[in-house]
Amino acid sequence: MANPETNKKHEARTTESNKVPFQQHPASKILEQLKANPRVRMIRIIVPTDACPVCRQVEGEYEKNEVPELPTLTCSKPHGCCAFYEPSLIEVYP
Ligand SMILES: [Zn+2]
């Protein structure tokens, strides 16, 4: 069943201000690739030290199915979120 509340939220997410639309943000593509890579065990979110508090909150290492979406939607930086994903690879044994 279509929920009008959900539709509204989705719209706000893509049309808000001058930020990069979620679907076009490079991070969403990178996340897809990392999730598809079997050598990637965990996914880290790296946040620059000058990032906004919202982004700093998502910093950390996550299971593939628990990774928060980037860019953070409530980022207070004028050009949007600057956090990014980094793979945590499965250890290669010698
Ligand atoms: Zn931010």
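Two strands are taken to pair if DSSP finds at least two bridges between them. In the predicted model described here, this criterion is met by S1 and strand S2 (residues 60-63), which run antiparallel and are joined by four bridges. Within this pairing, Arg-44 has Glu-61 of S2 as its bridge partner, while Ile-45 stands opposite Gly-60 in S2.

The pairing of S1 with S2 belongs to a wider arrangement of elements. The protein contains three helices and three strands, and from the N terminus on these elements follow one another as α-α-β-α-β-β. Strand S1 (residues 40-46) is also joined to strand S3 (residues 84-89), in this case by six bridges, and the two strands again run antiparallel. Phe-84 in S3 is the bridge partner of Ile-46. In general, strands of a sheet pair through backbone hydrogen bonds, in either a parallel or an antiparallel manner.

Taken together, the three strands form an open sheet in the order S2-S1-S3, with antiparallel pairing. The edge strands of this sheet are S2 and S3, each of which pairs on one side only. Neighbouring strands of the sheet are turned against each other by 35° on average, when direction is ignored. As a general point, the side chains of a regular strand alternate between the two faces of the sheet.

The relation of the helical part to the sheet is illustrated by H2, which lies across S1 and S3 and runs at about 15° to S3. Pro-26 is found in this helix, which comprises residues 26-36. Although Pro-26 and Phe-84 are 58 residues apart in sequence, their C-alpha atoms are 8.9 Å apart in space. Pro-26 is classed as exposed because 12 other C-beta atoms lie within 10 Å, and the class of exposed residues extends to those with 12 or fewer such neighbours.

For the protein as a whole, 16% of the 94 residues count as buried. Of the contacts between residues at least 6 apart in sequence, 57% join residues that are at least 24 apart.

Key:
Residues numbered from 1 in each chain as written. Predicted model: local features only at pLDDT ≥ 70, side-chain atom pairs only at ≥ 80, totals over all residues. Buried ≥ 20, exposed ≤ 12 C-beta atoms within 10 Å, placed from the backbone. Contact = placed C-beta atoms within 7 Å. Axes fitted to C-alpha atoms, helices over the stretch in contact; angles between N-to-C directions.
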